[in-house]
Amino acid sequence: MIRAAILGGTGYGGMELLRYLVGHPGVEVTALTSRSEEGPVSDRHPHLAGFTRLNFTKETEDVRLRLARENDVVFFAKPHGVSATELPTLLEAAPELRVVDLSGDFRLPDPGQYPTWYGYEHPHPDLLALSEYGLAECGQRDAVRDARLVANPGCHAAASILALWPLARLGLIKGRVSVVSVTGSSGSGARPKQGTHHPERFSNFKAYRPLYHQHLPEVIHAMGGDTRVDFVPHSAPFARGIHVTAFVPVGDATDDAVHEAFTGVYHDEPFVRRHDVPPDLRGCVGTNFVDYCVTPGDGVACVTLAIDNLGKGMAGSAIQNMNLMFGLEETTGLDRPGAGL
Ligand SMILES: NC(=O)c1ccc[n+]([C@@H]2O[C@H](COP(=O)([O-])OP(=O)(O)OC[C@H]3O[C@@H](n4cnc5c(N)ncnc54)[C@H](OP(=O)(O)O)[C@@H]3O)[C@@H](O)[C@H]2O)c1
């Protein structure tokens, strides 16, 4: 069995990692940490009652070091800026340890981008070269297998890259791309803030950080660096899911060429499902699946795509990456349908 510890267990990432891992036949979760909570994990995450007997482990620096030495893999499920500070001592103390980080701290290869997009100087730029970006379907599968540190994609970024990459890899993008990405409220994490509090959110809809969201540089990097992408995220009144609409200029590429760009790269992907009509969120929430539809038009392709921000956009991808890192079947623990509603 692979021994796994989850750091940041009271948040949605920690919660969702545990939900998948209690059903994973090759993994034992030894600890779920918190700075603030003690007692049974199922008190905080009641849907896991009967599936876990873990109590929260009170997190201190010593506890982190012990968990790094005693486990095969550690998942960081903490806000941006934390793993960049805490991770280096763990990697040093436990030379065999593998790490999957859900935050943005190791996603961008250029340390100079961190002040602009995340508002801090990266404290360990040397480690950026160690990390691999973990989106298996978009050319990263082999790199993830060998990685010691995997930077799990951002949720908007994962959805956007999945929508664009098949065309980008064949050089079929012929101009500026527009992406509208709509997310549910769980994307803001478990702690309510003014703008994410239920009364302000449940009947509301708005754009935020137009053209300057921190996931944009990940998307551009995954496209090879040259594609121009105008990206506008929106927050919508549902809890889970991300829906992307991408308008991609494709020049004089034929409809068949556009369709084949997607089927050629995704037809064997276990978590990617092609649809003839635009997908809805209820097909993929609670799962690691990606549902997409491509509509070629006059010089443009419209790609609509849906994922669960907590699934393929976070914990699902993280476990898929862990499976690859440990040589397991990629779908282990993840191959299940959603609730459908
Ligand atoms: N939500 C999404 O859809 C999504 C998708 C992809 C990636 N991500 C990324 O994944 C990471 C986890 O996201 P999340 O949604 O699970 O966040 P969250 O619900 O806010 O949970 C983060 C947890 O980290 C712990 N923590 C440890 N150090 C902390 C610190 N210095 N400040 C605040 N909290 C701290 C907190 O638990 P204690 O207070 O109990 O210690 C908190 O419950 C973030 O980096 C996020 O950007 C999120």
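How many nonpolar, polar and charged residues does the shell around the ligand have? In this predicted model, the shell has 9 nonpolar, 13 polar and 4 charged residues. In total, 26 residues surround the ligand. Thr10, Gly13, Ser34, Lys78 and Ala190 are the closest.

Several polar contacts to oxygen atoms of the ligand were computed. Alanine 190 takes part through its backbone: a polar atom there is 2.7 Å from a ligand oxygen. Arginine 191 uses its side chain instead, with an N or O atom 2.8 Å from an oxygen atom of the ligand. Histidine 80 also contributes a polar side-chain atom, which lies 3.4 Å from a ligand oxygen. Taken alone, the ligand exposes 890 Å². The protein buries 86% of that area.

The ligand takes up the space of the largest pocket. Two helices each give two or more residues to the surrounding shell: helix H1 (12-21) and helix H11 (311-325). Both domains also take part. Domain 1 (2-152 + 312-325) supplies at least three shell residues, and domain 2 (155-309) likewise supplies at least three.

Note on methods: Residues numbered from 1 in each chain as written. Predicted model: local features only at pLDDT ≥ 70, side-chain atom pairs only at ≥ 80, totals over all residues. Heavy atoms only, no water. Near = heavy atom within 4 Å. Polar contact = N/O pair within 3.5 Å; in protein donor to acceptor, adjacent residues only side chain to side chain. Areas by Shrake-Rupley, 256 points an atom, 1.4 Å probe, with all protein chains shown as cover. 1 Å grid on protein atoms, 1.4 Å probe; cavity = no way out; pocket = protein on both sides within 12 Å on 5 of 7 lines; lining within 4 Å. Sits in = over half its atoms within 2 Å of the grid points. Helix = DSSP H or I, 4+ residues; strand = E, 2+ residues; numbered from the N terminus. Nonpolar A, V, L, I, M, F, W, Y, C, P; charged D, E, K, R; others polar. Domains from an automatic or database assignment.
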